[in-house]
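These are my notebook entries on one chain. I looked up side-chain contacts, surface and fold, in that order.

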Amino acid sequence: MATRMQQLAQPKPNRLRYPDRRSVYWLDKLPPERSRLTTKIELTPRWSDLCISKKFYNQVTISPIWEVSEWALKAIPSKRVCHLAQPRAPAAGWQPARPLLVPVSRGIQTAVATSRICQLAQPKRRQVLEKSRHKSKYAQVIHLPSKASAHIELLATPKNDHPEFKGDRPMCWPVSKAAKSSITSQRLLDLSSPKERKALYEGYDPYMISRAARSASPSPRIQQLCLPLSRKCSSE
């Protein structure tokens, strides 16, 4: 028992004592060099059979009728095979599907409907539930001739367009004579010309800040807009 307790009291070995070793087997020294170049492997007969590629038969059957062997012609099936070859019988209460076009009998063609059947064939009238004094009553809806009031007719009239309303401008409109003969001024030509900038390889620095931007001072309104929003405290 003491020997077992001493064995359990021993600390576990540190497996990460040599973390820089290049072998997964934790060898203290390099394995000895082998004299031969490669390992010689001998295949079993089963492996040799599996290594053989499959044969593909490209023969095309000309006729769909296959030749039956002599043994198949003389074969006699057993009772079990004959029993299994019988088609499965339908269920006891099974009935075939009814055809879509059923012939109508002579009695149905010459039948005369009774007054009760004619009464049941009439469509039902719509009924509305009217509640008055916590009592429910069914009253038939009767469509009576009615006339709208003057206010309803006034509301039903469509609104007219505003006198100064102008529709959408057409896609093609005539160009005025003044626009055809107009001459641009020198100021417009200066404003329409793009800014001249040097290329990157000519010394242009896109991140350079101008001297005017460095010495600019914000207005009181800009300083007011830069202030953060005042949040309400949770205690309030």
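**Aromatic rings.** I searched this predicted model for aromatic pairs and found zero. I then looked for charges over rings, and I noted Arg-169 over the face of Trp-173, 3.8 Å from the ring centre.

**Nonpolar surface.** Which residues make the nonpolar surface patch? I recorded Ile-41, Leu-43, Trp-47 and Leu-50, with a patch area of about 470 Å². I placed Leu-43 in the loop that lies between helix 1 (2–9) and helix 2 (45–51). The relative accessible area of Leu-43 is 51%, and I therefore enter Leu-43 as exposed, the cut-off being over 50%.

**Cysteines.** I looked up disulfides next, and the count is zero. I also checked the accessibility of two cysteines. Cys-82 has 36% relative accessibility and is partly exposed. For Cys-226 the value is 61%, and I list Cys-226 as exposed.

**Salt bridges.** How many salt bridges does the count give? I obtained one. I identified the partners as Glu-70 and Lys-74, whose closest N and O atoms are 3.0 Å apart. That separation satisfies the criterion because a salt bridge needs a Lys or Arg side-chain nitrogen within 4 Å of a carboxyl oxygen of Asp or Glu. Are the partners buried or exposed? I found Glu-70 exposed, at a relative accessible area of 51%. Lys-74 is likewise exposed, with a value of 58%. I therefore record this salt bridge as one between two exposed residues.

**Secondary structure.** I listed 11 helices and two strands for the chain. Where do the strands fall in the order of elements? Reading from the N terminus, I wrote down α-α-α-α-α-α-β-β-α-α-α-α-α. In this order the two strands follow one another, with helices before and after them.

**Whole chain.** What share of the residues is buried? I noted that 0% of the 236 residues count as buried, where buried means under 20% relative accessible area. For the surface of the chain, I entered an exposed area of about 27,500 Å². Carbon and sulfur atoms supply 58% of that area.

How values were computed
Residues numbered from 1 in each chain as written. Predicted model: local features only at pLDDT ≥ 70, side-chain atom pairs only at ≥ 80, totals over all residues. Heavy atoms only, no water. Phe/Tyr/Trp six-rings, centres within 6.5 Å; stacked < 30°, edge-to-face > 60°. Lys NZ or Arg CZ within 6 Å of the ring centre and 35° of its normal. Patch = residues over 30% accessible without salt bridge, like charges linked within 9 Å, V, L, I, M, F, W, Y side chains within 5 Å. Areas by Shrake-Rupley, 256 points an atom, 1.4 Å probe, with all protein chains shown as cover. Helix = DSSP H or I, 4+ residues; strand = E, 2+ residues; numbered from the N terminus. Buried < 20%, exposed > 50% of the residue type's maximum accessible area, 1.4 Å probe, protein only. Disulfide = S-S within 2.5 Å.
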